[in-house]
Amino acid sequence: MHPVERGKRDIDIIINDKTKNTVLEDKIELESASIRSEVKWTNFERLTLDIYEVGNEYADDSYNKKRIAKGRKLLKTLIYVWDGKKYIRHNTEPIAAH
């Protein structure tokens, strides 16, 4: 199997508490090369997840080579808020233009 330039990525987001209860469960679909994420969780009530596209160093195509040279690109920001029992998606920043 060869690495793909870009493609559909299904992302499952799950957070369990220390007793293994699921407190956040979400799914999104993105069109991208490889992805990475960064979580910002500065207080209990609000959680932010930034999803970035990064180049795939193992793919031998111009798109991935350019993405590696330019660095990561923010694709989506997901914001979750605590509703007393679990985190729910509050707001979503739009996917960046390709």
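Start by selecting D26, which sits in strand β2 (residues 22-32). The model on screen is predicted.

**Stop 1: D26**

Show the side chain of D26 together with that of Y80: a polar contact of 2.6 Å joins the two. Is D26 buried or exposed? D26 counts as buried because its relative accessibility is 16%, and the cut-off for buried is under 20%. Next, display the residues that D26 touches beyond four places in sequence: I11, D12, I13, Y80 and R89. Y80 therefore appears twice at this stop, as a contact of D26 and as its partner in the polar contact, with the cut-off for a contact being heavy atoms within 4.5 Å.

**Stop 2: S32**

Stay in strand β2 and select S32, which also has its place there. S32 is buried, with a relative accessible area of 0%. Which residues is S32 in contact with, once neighbours within four places in sequence are left aside? They are R6, G7, R9, E53 and L75. Now draw a distance from S32 to V54: the C-alpha atoms are 8.5 Å apart in space, while the two residues are 22 apart in sequence.

**Stop 3: the nonpolar core**

Select I13, L24, I51, L78 and Y80. In the largest nonpolar core, which has 14 residues, these five touch the most other members. Colour by element to see where the core comes from: β1 (7-16), β2, β4 (46-54) and β5 (73-82) each give two or more residues to it. Strand β2 gives the most, with four residues. As a rule, nonpolar side chains in soluble globular proteins tend to be buried together.

Y80, already on display as the polar partner of D26, is one of the core residues listed here. For a closer look at another of them, centre on I51. Not counting residues up to four places away in sequence, I51 touches I11, I28, L30, I35, R36, S37, K73, L74, L75, K76 and L78. L75 was also in the contact list of S32, and I11 in that of D26.

**Stop 4: the aromatic residues**

How many aromatic pairs are there? The count comes to four. Select W41 and Y87 to see one pair, which is edge-to-face, with 5.7 Å from centre to centre and 85 degrees between the planes. The pair links distant parts of the chain, since W41 is in strand β3 (residues 34-43) and Y87 is in strand β6 (residues 87-92), 46 residues apart. W41 is partly exposed, with a relative accessible area of 40%, whereas Y87 counts as buried at 4% relative accessibility. Add F44 and W82 to the selection: with W41 and Y87 they form one aromatic cluster.

Then move to Y52. R72 lies over the face of this ring, 3.8 Å from the ring centre.

**Stop 5: the whole chain**

Zoom out and switch to a cartoon view. The chain has one helix and six strands, in the order β-β-β-β-α-β-β along the sequence. Of its 98 residues, 36% count as buried. Among contacts with a separation of 6 or more, 40% come from residues 24 or more positions apart. Finish with the surface: the chain exposes about 6,900 Å², of which carbon and sulfur atoms supply 49%.

Definitions and conventions
Residues numbered from 1 in each chain as written. Predicted model: local features only at pLDDT ≥ 70, side-chain atom pairs only at ≥ 80, totals over all residues. Heavy atoms only, no water. Buried < 20%, exposed > 50% of the residue type's maximum accessible area, 1.4 Å probe, protein only. Polar contact = N/O pair within 3.5 Å; in protein donor to acceptor, adjacent residues only side chain to side chain. Phe/Tyr/Trp six-rings, centres within 6.5 Å; stacked < 30°, edge-to-face > 60°. Lys NZ or Arg CZ within 6 Å of the ring centre and 35° of its normal. Core = buried A, V, L, I, M, F, W, Y, C linked by side-chain atoms within 4.5 Å. Areas by Shrake-Rupley, 256 points an atom, 1.4 Å probe, with all protein chains shown as cover.
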